[in-house]
Amino acid sequence: MNRRELLKLIAATTGTAMIGGSGLLTGCATSSTQTALTFSPDDIVLLDEIAETILPRTQTPGAKDAKVGQFMTVYVNDCYTREEQATFHKGLLLLEERCHKTYGHGFMALQPAEREEFVSHLDKHAKAEIAAGKMHYFTMIKQLTLFGFFTSEVGGTQVLRHVAIPGRFDGELPYKPGDRAWATR
Amino acid sequence: MSTTQHFDAIVVGSGISGGWAAKELTEKGLKVLLLERGRNIEHIKDYVNASKDPWDYPHRGRPTQEMKRNHPVLQRDFVLNEETNGMWANEQESPYVEKKRFDWYRGYHVGGRSLLWGRQSYRLSQRDFEANLREGIAIDWPIRYQDIAPWYDYVETFAGISGTVEGLDHLPDGKFLPPIELNCVEKDVAARIKKAYGGKRLMINSRTANITQPKPEQGRVNCQYRNKCWLGCPFGAYFSTQSSTLPAAMKTGNLTLRPFSIVSQVLYDKDNKRARGVEVIDAETNQTYEFTANIIFLNASSFNSTWILMNSATDIWPGGLGSSSGELGHNVMDHHFRVGAGGVVEGFEDKYYYGRRPAGFYIPRFRNLDDTPRNYVRGFGYQGGASREDWNRSVAEMGIGADFKNALAEPGAWTIGMTAFGEMLPHHDNRIYLDHTVKDKWGLPVLAMDVEIRENEKAMRKDMLQDAIDIFEAAGVKNVSGGDWGYSPGMGIHEMGTARMGRDPKTSVLNAFNQVWDAPNVFVTDGACMTSASCVNPSLTYMALTARAVDHAVKELRKGNLK
């Protein structure tokens, strides 16, 4: 168990919600001047498609249904440090460049199987980089995809379960595989 | 100066203790002016985020860079988030000086931190009240457990504290509503701990100011298990000024609430040796007002109550009202924490839970009771809980695609974790003082913080870490790991001391009934009055001390002793 998980589970169960401060999703440092690097409508479409490859629509909605691309741009613009923004924007360029080298064209032109293969490779590569203590842009994209999706209304109510006002507590609810997780604790 | 208005009593501050002072004074028939430096927040109506879900926030609850720039102190910890943004003091308008790092989390609005508090509610024990005397540390408390016990009964009954009767001398039982249940894993781990330690270490239900039965006479509905307390509860299910004490005070017809009222000093009549009122700066208009009263309760939060004293009667005492002892501003305490452990519990994969609890478990203090003394004095308790991991569990380990999504849509392993809250000793050199070179938005001098944890706390932290690991391992928890994530004074948001109670005016600021020795019609009943810290969450004790002090104040007033 790493520190983040530990803090989260401690906080989630002691009445002090640990919101923010993961040090992974956002950096710790703040910058004093913040001129946002901007996203184009094409960027949002691209981010949507990458996110959909990570969390595709199945019998339940996928990342595009939850407008994860749009969410990512808002989050990067408002919550990332300038340095993290630069890493993220440069990452989109690197991703396209890598895609061109491998397949001869950009991500949007890939077939579904190619997208899955490409993103899967990128995922493994990013994991190796993180293990070596280096930040990788794909880790940012993946984290924001998961965060954006499972905290969305679509993800929280149609993929996970949510009851706005539980009204009671049952500490021993029967569970069988396939039962969905609660959206919030 | 504008017109002067007279009241029977003035209460400065509308948080947990100020709300109690206002309730008790008005119910005893006094005309009361309740002053609050910040804006008003009306019960239910102004809880703007109380019914929002994660997807209703543009950043899903996370702080933005702009929020971090606006809150350079708050952004150091989880308290800065999108959900409670706007509920914390404006750091630009109200700065302070950190001679040493001090994280000061302030709620400048009606209700103060009663809206934002952790709600854990435990009694101090006889052992706590005797500790200073027995160990020769600082000064003796002027009261003992039996002096405060009936007042604990009184405030618990009104506030509504859920919990279990355990029969422990060092964590006295109270007047409890039914507890918020432990979940199946916590119950199992609790039973294993009890067995492993022969009952010397216990995991019990949190005692928390969330009601598990309705209080229709107060218009409060029992907890609905949403776990959104800090956003204000539309059901009034947890104790706050807004849900509980303020409506009671309003109902008497004796209360005048004045928001945006910064008390700049207590006005002192040196011939009578009594306070005659307070000076107020209107935070919106900058206009100055005087209000007079027979008695004054300072409940502005520990450090701000002391700030007011330091800024009062300086023509007689350069250090301010109550400084003749040399102790005003000294003996700052907090609870040091951010040490703990966690692990995985196996065997409950066919179990889950329904509802979101605003509580968990508590492990009462077990060190330095009747066993072999450690290489430090006092002790600590643990707070924590067990739950199943969610989608956030495996960001690094799993791949992509449909199977990945489906796996994350199910709950993961049961994990359990806890963090220790340790007692911090009162040390004369841990202090706050006025820094006249820095002014706030209203031209008032600000506080400087000079506080650090010392050898006793550092030695205790080693046990806080190792004992957490040992307890979980003894209970069969798997993959146990612990950590000390670092602590800076203030992070516990339990700041205490700076105007301590005592038996002797030469060594204390307040007497046994929280009266300032040098002005007996001034009472300080928030955390400033604490002579030692115990290791339990302090707010319940402020409630009890406040009700007790009001009872005394009104009796004295009627005898003519406070004229």
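## Charges over aromatic rings

In this predicted model, B:Arg62 sits over the face of A:Phe147, 5.0 Å from the ring centre. A second arrangement of this kind involves B:Arg258, which lies over the face of B:Tyr289 at 4.7 Å from the ring centre.

A:Phe147 also belongs to an aromatic cluster, whose other members include A:Phe39, A:Phe71, A:Tyr75, A:Tyr80 and A:Phe88. A:Phe149, A:Phe150 and B:Trp391 are part of this cluster as well.

## Nonpolar cores

In soluble globular proteins, nonpolar side chains tend to be buried together. The largest nonpolar core of the model comprises 205 residues, and A:Phe88 and B:Leu321 have the most contacts inside it. Helix 6 of chain A, residues 137–150, gives the most to this core, contributing nine residues. Apart from this core lies another, of 22 residues, including B:Val11, B:Ala22, B:Leu255 and B:Val554.

The surroundings of B:Leu321 can be listed with residues up to four places away in sequence left out. On that basis, B:Leu321 touches B:Val266, B:Tyr268, B:Leu309, B:Ser312, B:Ala313 and B:Leu328. Its contacts further include B:Val516, B:Asp518, B:Ala519 and B:Val522.

## Aromatic pairs

A pair of aromatic rings is described by the distance of the centres and the angle of the planes. Over all chains, the count comes to 38 aromatic pairs. One of the pairs is formed by B:Trp20 and B:Phe158: the ring centres are 5.3 Å apart and the planes stand at 75 degrees, so the pair is edge-to-face. This pair links distant parts of the chain, with B:Trp20 in helix 1 (residues 16–27) and B:Phe158 in helix 4 (residues 145–159) of chain B, 138 residues apart. Both B:Trp20 and B:Phe158 are buried.

For B:Tyr145 and B:Tyr152, the centres are 6.3 Å apart and the planes lie at 35 degrees, so this pair is classed as tilted. B:Tyr145 counts as buried because its relative accessibility is 17%. B:Tyr152 likewise counts as buried, with a relative accessibility of 0%.

## A mixed sheet in chain B

Strands of a sheet pair through backbone hydrogen bonds, either parallel or antiparallel. In chain B, three strands form an open sheet in the order 3-17-16, and the pairing is mixed. Strand 3 (97–98) and strand 16 (431–439) stand at the edges, each with a single partner strand, so one side of each is left without a neighbour in the sheet.

Strand 3 and strand 17 (residues 445–450) of chain B run parallel and are joined by two bridges. Within this sheet, B:Val97 stands opposite B:Ala448 of strand 17.

Technical notes
Residues are numbered from 1 along each chain as its sequence is written. Chains are lettered from A and ligands numbered from 1 in the order in which they are written. This is a predicted model: local features need pLDDT of at least 70, side-chain atom pairs count only at pLDDT 80 or more; totals for chains, interfaces and linings use all residues. Side-chain values use heavy atoms; hydrogens and water are left out. A nonpolar core is a set of buried Ala, Val, Leu, Ile, Met, Phe, Trp, Tyr and Cys residues joined through side-chain atoms within 4.5 Å. Buried means under 20% relative accessible area, exposed over 50%, partly exposed in between (1.4 Å probe, protein chains only). Helices (H or I, at least four residues) and strands (E, at least two) are DSSP runs, numbered from the N terminus. Contact means heavy atoms within 4.5 Å. Rings of Phe, Tyr and Trp (its six-membered ring) pair if their centres lie within 6.5 Å; planes under 30 degrees apart count as stacked, over 60 as edge-to-face and the rest as tilted. A charge sits over a ring if NZ of Lys or CZ of Arg is within 6 Å of the ring centre and within 35 degrees of the ring normal. Two strands pair if DSSP finds at least two bridges between them.
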